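Student: Hey, I've just opened this one and don't know where to look. Can you walk me through it?
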Amino acid sequence: MGDCYSAGVVTDYEVVIGLEVHAQLLTKTKLFCACSTNFGQPPNTNVCPVCLGLPGSLPVINGEAVELAVKTALALGCTVHQSSIFARKNYFYPDLPKGYQISQFEEPFSTKGHLDIELDGQTKRVGITRAHMEEDAGKNLHGLGTDSVVDLNRAGVPLVEIVGEPDLRSSAEAAAYLRTLRDLLVFTGVNDGNLEEGSFRCDANVSIRPRGSEKFGTRCELKNINSFRFVQRAIDAEVARQTAIVDAGGTVRQETRSFDPDTGQTATLRSKEDAHDYRYFPEPDLPPLVIDDALLAKAKASMPESPSALRARWTSELGLPVATAVTLSAHPEYARFFESARKGSKDALKVANFVVNDVLRSAKTHGLSASFSVTPDQVRELLSLIDSGQISGKQAKEVFAAIEGNHAKSPADVVKEKALKVTTDSGAIESAVKKIVSSFPDQVASVKAGKKGVIGFLVGQVMKETGGSADPKLVNELLNKLIAEG
Ligand SMILES: [Zn+2]
């Protein structure tokens, strides 16, 4: 380190971040026993001799968990290995009755993938070192009177740990990585993306080094960050702490730290242990994990189109703006809604805008499911009423308000009930057009001078004048005619 770390010499540091994500696989039962993985059950009700670590009990691998883990690896472009080894990671903690966690160490089931993230219009590829399977520990609950208690419902729940390369260079990149990863796992149907319930958790390894240096600085690990907002704040706080230490001529110590959202500071949890402290050794009660060609083929066949593939297709084939495509691919049910609503439509952009602006406004997601105030069929019917000139865009808003929350209501019936129709009475429209042309001489002059875009403003004024009922095509024709004549 020497001179370059001396006080006052270096002020420009590069931030280096690598993230480790623990994602709960969406199985009904635990990784090595038949206990339920249901969240929110009374403490210590989903337990058995295997997950309690009672002597003589034997773990049996859950095939569903393996299949979901393989899909996770495929979604990340990882190489899936035919044979891998479960290992015991030995440590003592009250939430770990066995005294060890079954994980994978030297031979994980998958390695070397990547995740593309988007930030400020730039795409960046972040390396994935490995994804391995492991069981979760229980949960210590503190602060119940003077006691702390242990709930082992989580003990043995299947996790996939996704270890990213230290490729991230800012807290904003870290947050983008986490969101992208969360969306990808939800899309793939392997994880519910629920940070609050702890089914998607992140540890961040953070270090700084003088810009231009090849050598990594000493890293600190920030434990169990459970919100996207906190990850950025936690990393920024940790970077500020390390920078202050190094600027003052000190050395950063390797340790595990936690972030306190109330103080906005990170604090020491424990000095960081290294892998050898865990005395890993192959789990003697489990055979090597074999992922054969049949299982791999089955997982491949059930892979859905990824959010990034959807975005690429929608922007190139349908001409959707990137921001619209990103919004529609933020959840698998949004994507399904849009694909269903646009069936038979020639104007995918119009459908996309309607779904984003009107439907998603009130949509709610929970894990893999989502609820909408209308159905794709209703949207299709409503848009076709506009397309065929039966109602105007403004009237469509009125129809939409009438069908919201009632999936059985037909937009065409609302049009009949409310006696809505587009005014094609050219006499009435013509007088409105005349009025607008005489009220906005400057804009009319602009159109004459070749500023064709201004015509949209005038059309809008005529629509306003007619209470939104005029046929926009007719308005356009009449306006152009009148301006050309005048
Ligand atoms: Zn059990």
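Tutor: Sure, and keep in mind that this is a predicted model. Let's begin with two cysteines: Cys-35 is buried, and Cys-51 is buried too.

Student: Okay, and which residues coordinate the zinc ion?

Tutor: Cys-33, Cys-35, Cys-48 and Cys-51 do, each through its SG atom, at 2.3 to 2.4 Å.

Student: How are those donor residues spaced in sequence?

Tutor: The pattern is C-x1-C-x12-C-x2-C. Cys-35 sits in the loop between β1 (13-24) and α1 (49-52), while Cys-51 is in helix α1, so this pair ties together parts that are 16 residues apart in sequence.

Student: Why is the arrangement around the zinc ion tetrahedral?

Tutor: Because the four donor atoms subtend angles of 100 to 116° there.

Student: New topic: how many aromatic pairs are there?

Tutor: The structure holds 10. One of them is Tyr-278 with Tyr-280, an edge-to-face pair at 6.0 Å centre to centre, with 65° between the planes.

Student: Is Tyr-278 buried or exposed?

Tutor: Tyr-278 counts as buried, because its relative accessibility is 14% and the cut-off is under 20%. Tyr-280, at 23%, counts as partly exposed.

Student: Which residues form a cluster with those two?

Tutor: Tyr-91 and Phe-105 join Tyr-278 and Tyr-280 in one aromatic cluster.

Student: And what lies over the face of Tyr-278?

Tutor: Lys-89 does, at 4.4 Å from the ring centre. Elsewhere, Arg-88 lies over the face of Tyr-100, at 4.0 Å from that ring's centre.

Definitions and conventions
Residues numbered from 1 in each chain as written. Predicted model: local features only at pLDDT ≥ 70, side-chain atom pairs only at ≥ 80, totals over all residues. Heavy atoms only, no water. Donors = N, O, S within 2.8 Å, 3.2 Å for Na, K, Ca; no water. Tetrahedral: all angles 85-135°; square planar, octahedral: opposite > 155°, others 65-115°. Helix = DSSP H or I, 4+ residues; strand = E, 2+ residues; numbered from the N terminus. Buried < 20%, exposed > 50% of the residue type's maximum accessible area, 1.4 Å probe, protein only. Phe/Tyr/Trp six-rings, centres within 6.5 Å; stacked < 30°, edge-to-face > 60°. Lys NZ or Arg CZ within 6 Å of the ring centre and 35° of its normal.
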